[in-house]
Amino acid sequence: MITLASTPSAGQTWLSWFLVAAAVLVSGLLLAGPALRRRSPAAWWLLLGFPVTCLRVARTWRPLMAGCGLAVSRKAALTVVSGLLAHGAPPPHPRVPRRGGMRPTAHGFWFPVRLLPGQTPEDFVKAASAMAHDWRVHAVRVTTAEPGVVRVTATALDPLRQPRVPRQRGTGPLLRVVVGVLESGAPWVVDLRKIPHWLIVGATRSGKSTLINALVAGFAPQPVALVGIDCKGGMELSLYERRLSALATDRAQAVKLLAALMDLTSARMEVCRAARVRNIWGLPDEERPVPVVVIVDEIAELFLVANRSEKDEAQAAATGLVRLAQLGAALGVYLVVAGQRVGSDLGPGVTALRAQLGGRVCHRVTDSGTAEMALGDLNPDALEAAQTIPPDQAGTAVLASADGWERARSHLVPEERAEEIAAMYAHLTPYLPGLADAVGEPADGTAVHIERLDRDA
Ligand SMILES: Nc1ncnc2c1ncn2[C@@H]1O[C@H](COP(=O)(O)OP(=O)(O)OP(=O)(O)O)[C@@H](O)[C@H]1O
Ligand SMILES: [Mg+2]
């Protein structure tokens with residue numbers, strides 16, 4: 001006689017099939033894991049990396065909080081009562097901050113944490129490095145989400161190691177260029193109409209010139225005058241000479257060029273005053289003068305002095321730059337200043353100039369002084385991030401703004417490519433007589449004689 005009890009029910013059969021399928025899927029994923037990670041890091045992260053990291057975070061949260069001094073002991077009275085009631089059992093665990101659910105992102109995850117009484121977001125910022133080590137992720141950032149709550153954001157895979165280059169269609173809006181990619185995956189945009197002046201610092205071979213290449217390549221097709229000051233004998237910026245309206249290759253020329261730029265700015269000021277507008281963008285299109293982007297490569301060459309006679313020249317250069325920065329933005333003159341080291345030891349003008357350069361880009365630096373000069377008094381984690389950029393990740397930088405800081409990496413625009421683009425758009429080079437006279441006209445006379453270009457030209 002057949003007993004019905006020994007026959008598996010339909011529910012049990014489905015469960016067995018489900019378990020077998022799950023076991024096959026997990027073993028398949030584990031076996032294919034390394035290949036998947038190489039080919040599609042984002043898919044690997046969502047299918048394997050994220051679930052494993054969730055378990056790791058859950059397991060380490062309490063000891064991590066205790067180890068970083070973020071656990072708070074229970075009230076003494078509670079400990080005594082619990083000891084009496086539990087007949088000498090160990091006292092209750094200290095309280096740890098409550099953690100919200102983990103949300104995956106393309107490159108990592110984030111979760112909110114409610115602070116315990118007496119704790120501040122800075123306490124968690126200090127623990128970020130320990131969190132990254134314990135969870136075996138690339139980096140952890142702590143930001144304030146709302147009063148009493150911090151947001152812990154972890155990056156498991158460094159998106160800047162092999163960044164995807166976002167494509168920019170056409171020339172883009174005037175004075176706006178995509179130069180790279182942000183850590184979040186969004187394009188890194190330099191928009192001179194939003195932030196008119198920029199300071200770019202970094203040790204040698206950290207990626208400053210490559211960022212300048214990206215800027216030149218982006219601005220070359222636009223109706224914009226590019227002006228270069230390269231006191232390393234023009235070694236870097238002369239590559240784009242055909243698209244430059246003027247290039248100064250030593251300090252004496254730089255001083256003359258800056259004076260000519262100041263005259264141009266004063267003339268524009270007169271035009272704006274007569275038209276009763278506050279900046280060149282208030283002028284009618286046909287009267288608006290062409291925007292001028294002044295690129296300075298190696299600022300120290302302008303400031304450093306070897307003897308007394310050079311002192312006056314350096315002083316004149318510093319004053320010229322500071323005045324241009326102060327007055328230029330409204331009058332369509334923008335500054336991009338790059339240097340290996342920017343410190344107050346370069347001269348009194350440096351600090352005043354720095355204060356005027358609102359956009360800050362700090363590539364890999366070897367001394368904390370330059371990072372502090374570039375990034376200002378931001379959180380110490382921003383300074384640490386700039387000093388820990390590996391040398392093999394040239395082009396990676398920390399960007400500072402009023403809202404905080406973020407990491408980014410510029411596109412690799414090789415010199416040859418930037419030179420090619422500059423030559424391709426040489427016919428768009430505006431001729432600005434005062435500037436050309438200050439440093440001498442281009443030898444081959446390629447510059448066209450255009451004094452005004454409107455926005456849609
Ligand atoms: N965004 C990037 N992506 C990949 N490689 C880069 C990037 N930026 C720079 N590099 C590499 O680093 C090298 C040095 O970069 P770059 O010439 O821009 O440095 P630099 O900071 O201008 O140095 P120096 O102070 O000596 O002029 C480049 O030739 C290139 O190979
Ligand atoms: Mg360089």
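Residues 14–36 are listed by UniProt, in an unreviewed entry, as a "transmembrane region". In the structure, which is a predicted model, this span is 100% helix and 0% strand. The C-alpha atoms at the two ends of residues 14–36 lie 30 Å apart.

The secondary structure of the chain comprises 13 helices and 15 strands. Of its 457 residues, 38% count as buried. Among contacts between residues at least 6 apart in sequence, 65% join residues at least 24 apart.

Confidence varies along the chain. The mean pLDDT is 85, and 88% of the residues reach 70 or more. Among the elements, strand β12 (residues 333–339) has the highest mean pLDDT, 96, whereas helix α3 (residues 76–85) has the lowest, 59. Over residues 442–457 pLDDT stays under 50. For this stretch the model has 27 contacts beyond four places in sequence. Where pLDDT is low, the predicted coordinates should not be read in detail.

Ligand 1 is surrounded by 14 residues, the closest being Gly 207, Ser 209, Thr 210, Ala 394 and Gly 395. By residue type, the shell around ligand 1 divides into 9 polar, 3 charged and 2 nonpolar residues. Two elements, α5 (208–219) and β15 (404–410), each supply at least two residues of this shell. The largest share, 3 residues, comes from α5.

A "binding site" is listed by UniProt, again in an unreviewed entry, at Gly 202, Ala 203, Thr 204, Arg 205, Ser 206, Gly 207, Lys 208 and Ser 209. Among these listed positions, Gly 207 and Ser 209 are also among the residues closest to ligand 1. Thr 204 is located in the loop between β8 (197–201) and α5, and Arg 205 is also placed in the loop between β8 and α5. Thr 204 is exposed, because 9 other C-beta atoms lie within 10 Å and the cut-off for exposure is 12 or fewer. Arg 205 has 13 C-beta neighbours inside 10 Å and therefore counts as partly exposed.

Strands β6 (residues 176–182) and β7 run antiparallel and are joined by 5 bridges. One of the paired residues is Val 177, whose bridge partner in β7 is Val 190. The two strands form a hairpin with 4 residues between them. In the turn, Gly 185 has a positive phi of about 95°. Strand β7 (residues 187–191) has two distinct faces: Trp 188 and Val 190 make up the covered face, while Pro 187, Val 189 and Asp 191 make up the uncovered one. Val 190 thus belongs to the covered face of β7 and is bridged to Val 177.

Positive phi values also occur outside glycine. Leu 175, which is not a glycine, has a positive phi of about 65°. Leu 175 lies in the loop between β5 (149–155) and β6. With 21 other C-beta atoms within 10 Å, Leu 175 is buried, since 20 or more are required for that class. Glu 298 is likewise a residue other than glycine with a positive phi, near 65°. The position of Glu 298 is in the loop between β11 (292–297) and α7 (300–303). Glu 298 is buried, because 22 other C-beta atoms lie within 10 Å.

Two further loop positions were examined. Gly 233 occurs in the loop between β9 (225–230) and β10 (244–248). Gly 233 is exposed, because 10 other C-beta atoms lie within 10 Å. The C-alpha atoms of Gly 233 and Ala 248 are separated by 8.5 Å, with the two residues 15 apart along the chain. Val 277 is found in the loop between α6 (251–274) and β11. Val 277 has 16 C-beta neighbours inside 10 Å and so counts as partly exposed. Apart from residues up to four places away in sequence, Val 277 touches Cys 272, Gly 282 and Leu 283.

Note on methods
Residues numbered from 1 in each chain as written. Chains lettered and ligands numbered in written order. Predicted model: local features only at pLDDT ≥ 70, side-chain atom pairs only at ≥ 80, totals over all residues. pLDDT = per-residue confidence, 0-100. Contact = placed C-beta atoms within 7 Å. Near = placed C-beta within 6 Å. Nonpolar A, V, L, I, M, F, W, Y, C, P; charged D, E, K, R; others polar. UniProt positions renumbered as here; feature names shortened; annotations may be inferred. Pairing = 2+ DSSP bridges.
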